[in-house]
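Reader: I'm trying to get to know this model before going back to the bench. Please pick one part of it and take me through that part slowly, along with what surrounds it.

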Amino acid sequence: MRRAGCILGLVLIAPAAQAATLTIRAEGVASAQGMIYAGVCDTSFDERTCPYRDREAARPGTVELRIRNVKPGSYSIAVFQDTNGNGKLDRNILGLPSEPYGFSNDVGRRGPPNFEAARIVVREPSTTIVIPVR
């Protein structure tokens with residue numbers, strides 16, 4: 001019994017699993033049309049490499065997305081407003097986004113977003129990042 005008590009004591013004093021809350025503030029949302037989507041990506045902007053995702057109803061101004069239990073580390077974030085409700089970022093005939101979007105560190109305004117330039121660091125217990133949506 002004493003041994004079980006020691007093991008239980010070790011479990012209770014062991015450090016908690018590392019996890020952070022990431023708050024993404026999508027600023028400059030122009031309308032309440034559709035949803036705001038966010039992808040927190042670890043190796044590229046390909047959706048398959050985004051281990052954390054969230055969405056919130058759009059509203060003019062700032063939309064805050066709060067993702068819990070994010071493993072601390074380095075990520076790049078993509079945000080877009082799905083104004084027509086099809087669940088994806090639409091593009092025009094030239095391949096340019098036709099719906100409002102933004103990336104961490106405000107990259108990708110004058111060409112394709114650079115994943116490395118968009119990297120931010122998520123730390124415990126919480127990190128807040130502001131992303132302009134245009």
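Author: Happy to! Let's start at Pro125, which sits in the loop between strand E7 (119–122) and E8; strands here are DSSP runs of E with at least two residues, numbered from the N terminus. Residue numbers count from 1 along each chain as its sequence is written. The model is predicted, so local features need pLDDT of at least 70 and side-chain atom pairs count only at pLDDT 80 or more, while totals for chains, interfaces and linings use all residues; side-chain values use heavy atoms, leaving out hydrogens and water.

What makes the Pro125 loop worth a stop is the bond leading into it: the peptide bond from Glu124 to Pro125 is cis, with an omega near -10°. Most peptide bonds are trans, and most residues other than glycine have a negative phi.

Moving on from the loop brings you to strand E8, which spans 126–132 and is an edge strand. E8 belongs to an open sheet of three strands, ordered E4-E1-E8 with mixed pairing; two strands pair if DSSP finds at least two bridges between them. The other edge strand is E4 (61–70), and each of these two edge strands pairs on one side only. Strands of a sheet pair through backbone hydrogen bonds, either parallel or antiparallel. For E4 and strand E1 (residues 20–29), the sense is antiparallel, and the pairing runs over eight bridges. To find one of these on screen, look for Val29, whose bridge partner in E4 is Gly61.

While you are on strand E4, stop at Asn69, which lies in that strand. Asn69 is not a glycine, yet its phi is positive, at about 60°. Asn69 counts as exposed because its relative accessibility is 60% (buried is under 20% relative accessible area, exposed over 50%, partly exposed in between, with a 1.4 Å probe and protein chains only).

Asp106 makes a good companion to Asn69. Asp106 also has a positive phi in a residue other than glycine, here near 55°. Its setting is the loop between E6 and E7, and at 28% relative accessibility Asp106 counts as partly exposed.

So here is a short route for your viewer. Begin at the cis bond between Glu124 and Pro125, follow the chain into the edge strand E8, and cross the sheet in the order E8-E1-E4. Finish at Asn69 in strand E4, with a side trip to Asp106 in the loop between E6 and E7.

Definitions and conventions
Helices (H or I, at least four residues) and strands (E, at least two) are DSSP runs, numbered from the N terminus.
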